[in-house]
Structure formats: structure tokens, C-alpha cells
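Work through these exercises with the structure open. Try each task before reading its solution.

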Amino acid sequence: MASNGVGNGEFSFDSKRRSGLPKIQTQKTDDENAVCHDDSATPVKAQTLDELHSLQKKKSAPTTPIKSPHVFGVAVSEEERQKQQLQSISASLASLTRETGPKVVKGDPARQAETPKVQQPTHHHHTPALNISDSGLKFTHILYNLSPAELYEQAIKYEKGSFITSSGALATLSGAKTGRSPRDKRVVRDETTEEDLWWGKGSPNIEMDEQTFLINRERAVDYLCSLEKVFVNDQFLNWDPNNRIKVRIVSARAYHSLFMHNMCIRPTPEELEDFGTPDFTIYNAGQFPCNRYTHYMTSSTSIDINLARREMVILGTQYAGEMKKGLFGVMHYLMPKRQILSLHSGCNMGKEGDVALFFGLSGTGKTTLSTDHNRYLIGDDEHCWSNHGVSNIEGGCYAKCIDLSREKEPDIWNAIKFGTVLENVVFEEYTREVDYTDKSVTENTRAAYPIEYIPNAKIPCVGPHPKNVILLACDAFGVLPPVSKLNLAQTMYHFISGYTALVAGTEDGIKEPTATFSACFGAAFIMLHPTKYAAMLAEKMQKHGATGWLVNTGWSGGSYGSGSRIKLAYTRKIIDAIHSGALLNAEYKKTEVFGLEIPTELEGVPSEILDPVNTWPDKKAHKDTLLKLGGLFRKNFEVFTNYKIGTDSNLTEEILAAGPNF
């Protein structure tokens with residue numbers, strides 16, 4: 001191809017050979033609208049790749065300053081506010097021998113080019129240095145309220161066993177402990193708790209003294225301060241703005257920080273500005289064991305709560321659920337002091353504003369029945385009932401994952417996405433798809449996600465006073481009715497009992513149902529005597545006109561092995577009739593032994609199953625089983641009949657009379 005060079009910078013093809021195509025101009029032009037122009041930009045001001053990467057991230061922080069931050073009417077500079085915040089965190093990390101705590105600085109040490117310069121206070125007189133150790137010569141880097149994306153990076157970089165799954169969730173491992181260790185939980189018994197707390201037989205509160213707590217606290221704090229960096233979360237508990245609690249969680253793992261980011265209520269940047277001193281602090285040094293030779297210790301794991309100091313120490317377990325349930329226990333102590341009832345329950349609300357509480361132990365259908373597409377979800381697990389109404393304690397959900405499927409529980413399935421923590425699940429190495437049926441690590445696989453990941457969640461998670469209180473039991477004995485209306489005394493009796501019956505030990509060929517009782521449907525977490533919570537529940541139900549219901553989601557027509565499980569469709573019809581108020585207008589009759597009021601008919605549910613005796617072919621076997629279950633209830637209740645706590649004494653005869661009578 002011929003071309004003609006032109007000395008003035010013009011370059012063109014031979015017009016004869018190119019069928020009259022226009023010339024391509026390459027000379028410089030001042031015309032900004034020219035077709036061909038120089039689009040090169042100023043070179044980046046970076047000498048190294050690290051410098052280039054530093055330009056990639058826009059400087060921001062969760063603590064975005066509000067327009068005019070004031071403390072007691074005095075404007076506070078951003079620098080001063082940051083200093084106060086770091087001083088607060090340093091004070092939290094102070095050990096008993098170092099009053100001021102370690103030198104702390106914000107940010108990941110991996111990103112620090114040089115040792116941060118911290119202005120030392122000037123002293124006008126000589127102060128002798130006491131208790132100097134190597135830990136006093138180093139900085140502890142504080143990773144403060146990191147975002148989920150930042151926590152993902154930290155987990156994947158530094159924590160073995162952390163992976164991104166195909167749905168975008170973060171899969172992590174909790175180490176040797178894959179569930180809570182209730183036998184290793186301790187509460188300090190002192191003047192604060194001696195009279196208030198439930199101690200002794202049946203109580204979940206195992207005592208320890210102040211000195212032992214401080215030894216474990218020192219061990220945890222020393223471990224955290226020895227690390228190059230720690231994660232600090234400042235968050236809230238309780239969506240009721242008048243009664244929320246400020247919590248600080250200090251932990252060594254990104255997994256724990258992300259878990260609590262999801263499970264507690266996330267402050268807005270403005271709320272974080274005014275956070276100040278926390279009401280309660282958790283020191284999670286779970287990678288480090290406690291000293292087994294310390295008084296009161298029975299293993300290398302210890303979860304210790306000191307209500308006077310408002311602190312919790314975790315040693316020897318990395319299972320994140322210990323933090324969630326530890327704080328729940330604290331709320332079970334703090335809220336009743338404010339005349340607020342703390343409840344281990346699910347809670348939802350209808351379109352008309354009618355609220356229902358759902359109580360039930362594992363396997364009773366609490367999650368399934370409280371998650372209803374026709375109603376708003378206020379929360380799945382922990383609630384408060386105050387003079388204003390109900391409020392969720394948490395900012396997230398902690399769902400079981402074993403055998404999870406998109407068909408059965410689409411809301412939970414869809415919530416497992418970016419930001420969600422998946423604990424101890426097994427996934428396919430190449431595709432990173434989770435196999436929810438695989439129990440290789442544990443059967444207690446879990447997902448922790450923010451509540452707003454559920455489409456019909458009510459944000460903020462508050463509602464008016466409940467209309468219905470639903471106690472769920474999966475009765476494998478097959479003698480409890482599918483639904484019973486309870487009077488107040490019966491509601492208290494069954495609430496204190498917290499009954500369900502499951503088929504245990506099937507691997508050993510045992511087919512007999514096993515009765516399980518858990519006071520207030522959450523015995524592991526309550527602090528006061530169960531009757532305290534029951535009396536508060538009855539008082540609130542009476543004041544606000546709520547109705548109590550006992551719903552059996554278990555067997556009918558015989559015990560496990562001979563009868564069959566009540567169809568979920570029937571249970572849903574029953575729950576719908578409770579919500580709508582239709583069940584209040586039904587005709588009722590009384591059962592023998594338990595004295596329960598049962599409806600004679602209910603639309604959409606076969607009338608014969610409403611009274612269990614009708615479905616049993618062997619009437620004598622039914623009576624024998626009914627008396628057997630009544631005996632188990634009575635035996636369980638013996639723990640509560642004569643208790644002495646503070647100045648109170650004895651249960652009321654009315655509650656006792658509401659139990660089985662034979």
C-alpha cells in the first residue's frame with residue numbers, strides 16, 4: 001500500500017488507492033471537540049505499588065464527624081474526640097497492675113509504614129515508673145468497628161479456616177468448641193448478686209468469687225494486650241431507645257467481631273460519636289485457656305460474668321454463641337430491675353398491629369411458626385416487654401443451618417449472603433457451595449446475619465403490647481392437645497415448666513420419648529428465680545389483655561413410634577386462628593389430668609384430633625401415658641415449690657393448682 005509522507009506532520013493514504021476515503025489527520029490541534037484528541041492524564045503521584053494502593057482507598061471511617069459535635073455545650077475537635085475514644089478503649093484494656101492500660105492506636109499494623117507517633121503527656125515533676133514490662137513498650141493496634149468488607153479481609157488473611165462461600169457468606173471455624181459450655185459458665189457471687197440471683201439446685205448460675213474473676217480477667221486482658229492488634233466493637237442491645245444498653249466487645253478474631261457486628265444493634269455514625277463509656281464490656285480471649293489450677297475452674301474453658309463490674313471474660317472457647325448468650329443473661333438481670341420483662345422468644349406482628357410471642361425449645365417449630373410471610377418479624381430469639389410494648393434485644397438472627405433448604409426456609413436461605421457468618425459448615429472445595437446436610441464438623445452449624453436480611457423484618461424492631469402468648473411443645477408422648485387456651489395461673493405453670501419431649505438416643509435403639517424441661521423456655525440464660533419472670537409475665541398479660549395458648553406440634557394418635565406427627569398445615573391453621581382472634585370465639589371443653597381448655601371445632605382442622613383421646617385406638621394406653629407425663633411435670637416442678645430467695649418465699653398455691661391434677 002502506498003502512502004505519502006508530508007513534512008508538516010500530516011499523514012495520508014493515497015486518495016486514488018482508497019476510493020476517496022477522507023484523510024486521517026494526526027497533527028496537533030487546539031480544537032477540544034476534535035474526533036481524535038489526547039486523552040492521557042497526569043501520571044499518578046506514586047513511587048511504589050504500596051503508594052498506588054494507598055490512593056485506591058478513599059479516607060473514611062465509621063465515626064464520620066457530625067456537623068457540630070458538642071460535649072456539655074463545648075465544641076469538640078475531631079482530634080480531641082478521637083483521643084477521648086482511644087483513652088476509653090485503653091481504659092477498657094487496663095489490667096489491674098497497669099492503671100492506664102496499653103498505648104493504643106487505630107488501624108491495622110500491616111498498613112502502618114512506621115511506628116505511630118503518640119504525644120506523651122508532659123509531667124512537671126518526676127513520677128517513678130511502676131510495674132514496667134515489655135507490654136508497656138509496645139502499641140496495641142485497635143481495629144475499631146470495622147465494616148463487614150474489612151472484617152472479611154482480616155479473616156481471610158489472618159485466620160485459618162476462613163473462606164468466602166459461593167453465596168458470598170464468610171465460612172469460619174470456631175475451633176474445638178462448636179457449642180456453648182454451660183458447665184464452664186460462672187457468675188460472681190457478691191453483695192450485688194447474693195440476694196437477687198437464683199442459686200442452688202436447678203439454677204444455671206454456678207458461683208465464683210471476685211478474686212477468681214479478677215485472676216481470669218487479668219489473664220484475658222494480658223493476652224489481648226500482648227497481641228499486635230485487637231478488634232473493638234461498640235454497639236447497642238435493645239431497640240427500645242429508652243432502655244438500650246451500650247456494649248463493648250474486645251476480641252482477637254475478625255470472625256468474632258463480624259459475628260457481633262451482625263448480632264448486636266449497629267450504631268449510626270452519629271450515635272457512635274456520643275457512645276462514651278460502655279455499660280458492659282466483653283473480653284473475648286477465647287484462643288487462650290484459663291489456668292485449670294485456679295479456684296472454681298473445672299476445665300481450661302471459663303465464661304465468667306461479674307455484674308458489679310459489668311464485665312464478662314471468655315477463656316478457652318472460640319464459639320461465638322457464648323458472647324450472644326452471655327449478653328442475654330446480663331439482660332435477664334438488668335431489665336427486670338427496670339420492671340422490664342426479658343424473654344427467650346420469637347415475636348411477630350400482623351398488618352393490624354397485633355403482636356404474638358412464641359416460646360419453645362429446640363425442635364418445637366418456634367422459628368418456622370414465627371417466620372410468617374403474612375406478618376412482620378420483630379425478632380427470632382430475644383425480646384423485652386416494657387411499659388411501651390415489645391422490643392428485640394438484638395440486631396440480627398442466629399439460625400440453625402443443619403439440613404437447611406431453599407424450599408423449607410427460603411428467608412434464611414436467602415439471608416446467607418455477603419456479610420453473613422457461617423459457623424463450622426462444610427463446603428465443596430472448588431465451587432465453595434455449602435453442603436448443609438454435612439455434619440462432619442458439628443451438627444450445630446449456624447448462620448449469623450443482620451435482621452434486615454429478612455425481607456419482612458420490622459425495622460426498628462419494636463411493636464405494641466402482645467395480644468397472644470404462644471407456648472410451643474413438641475409432645476412425643478402424644479397426649480397434649482394440638483391447642484389449649486390457658487388461664488393466667490396455667491400460663492405461669494407451663495411457662496415455668498418450659499416443656500417439650502423429644503426422641504433421644506435413637507442410635508442406641510431407644511424409642512421412648514424423653515421429657516425435657518427448661519424454666520422460662522431458656523433456663524440456661526435466666527439470672528433470677530423463674531417465678532420472678534413468670535409473675536412479671538402474668539402481670540403484663542393481665543394488664544394488656546393478652547391470652548395464653550399451649551400448642552403441641554408433636555404427636556397425635558399415640559406416642560412416637562405408634563402415632564404420627566401433627567401436620568404442619570394443621571398447626572399453621574391453629575396459629576392463624578389465634579392471630580385472627582377466631583379461636584377466642586370457639587366453644588371449649590376441659591381435659592382430664594391437665595385440666596386444659598380445648599376447642600371442640602376449628603375451621604381447617606379435623607375435629608377428632610383436637611382431643612387427643614379420640615385419636616388413640618388404645619384408650620387405656622392413652623390414660624397411662626397421660627398420667628406418666630403428669631407425673632414428670634410434677635417431679636420437675638418440685639425444684640420450684642419451696643424456694644427461698646432474698647425475702648421472698650413459697651410459690652402461690654394458685655400456680656401449683658394449675659398443674660396436673662390426679
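**Exercise 1. A helix pair**

In this predicted model, α11 passes α12 in a right-handed crossing. Find which residues of α11 and α12 make the contact, and sort them by class.

*Solution.*
Step 1. Locate the helices. Helix α11 covers residues 488-497 and helix α12 covers residues 530-544.
Step 2. Check the geometry. Their axes come within 9 Å and cross at roughly 145°.
Step 3. List the contacts. From α11 come L488, T491, M492, F495 and I496. From α12 come P530, T531, Y533, A534, A535, L537, A538, M541 and Q542.
Step 4. Sort them. The contact of α11 with α12 has 11 nonpolar residues, 3 polar and no charged.

**Exercise 2. The sheet**

State the strand order of the open sheet of 9 strands. Then find which strands are its edges.

*Solution.*
Step 1. Read across the sheet. The order is β5-β6-β11-β12-β13-β15-β14-β9-β10, and the pairing is mixed.
Step 2. Pick the edges. β5 (103-106) and β10 (207-208) each pair on one side only.
Step 3. Add the helix that packs on the sheet. Helix α2 (residues 78-92) touches β5, β6 (139-144), β11, β12 and β13 (280-285). The direction of α2 makes about 130° with that of β5.
Step 4. Inspect one pair. Strands β11 (residues 229-237) and β12 (residues 245-251) run antiparallel, joined by 7 bridges. Here F231 stands opposite S251 of β12.

**Exercise 3. Strand β14**

Why is strand β14 described as largely enclosed by the rest of the structure? Also find which strands pair with β14.

*Solution.*
Step 1. Apply the cut-off: buried means under 20% relative accessible area.
Step 2. Count. In β14 (residues 302-306), 5 of the 5 residues are buried, so the strand is largely enclosed by the rest of the structure.
Step 3. Split the side chains. In a regular strand they alternate between the two faces of the sheet. In β14, S302, D304 and N306 point one way, while I303 and I305 point the other way. Both groups are buried.
Step 4. Take the parallel neighbour. Strand β9 (residues 185-188) pairs with β14 over 3 bridges in the parallel sense. R186 has D304 of β14 as its bridge partner.
Step 5. Take the antiparallel neighbour. Strand β15 (residues 311-315) is joined to β14 by 5 bridges. I303 stands opposite I314 of β15.
Step 6. Finish at the turn. The hairpin of β14 and β15 has 4 residues between the strands. In this hairpin, R310 takes a positive phi near 55°.

Methods. Residues are numbered from 1 along each chain as its sequence is written. This is a predicted model: local features need pLDDT of at least 70, side-chain atom pairs count only at pLDDT 80 or more; totals for chains, interfaces and linings use all residues. Side-chain values use heavy atoms; hydrogens and water are left out. Two strands pair if DSSP finds at least two bridges between them. Helices (H or I, at least four residues) and strands (E, at least two) are DSSP runs, numbered from the N terminus. Contact means heavy atoms within 4.5 Å. Axes are lines fitted to C-alpha atoms, for helices over the stretch in contact, and angles run from 0 to 180 degrees between N-to-C directions. Buried means under 20% relative accessible area, exposed over 50%, partly exposed in between (1.4 Å probe, protein chains only). A crossing is left-handed if the near helix is turned anticlockwise from the far one by less than a right angle, and right-handed if clockwise. Ala, Val, Leu, Ile, Met, Phe, Trp, Tyr, Cys and Pro count as nonpolar, Asp, Glu, Lys and Arg as charged, and the others, Gly among them, as polar.
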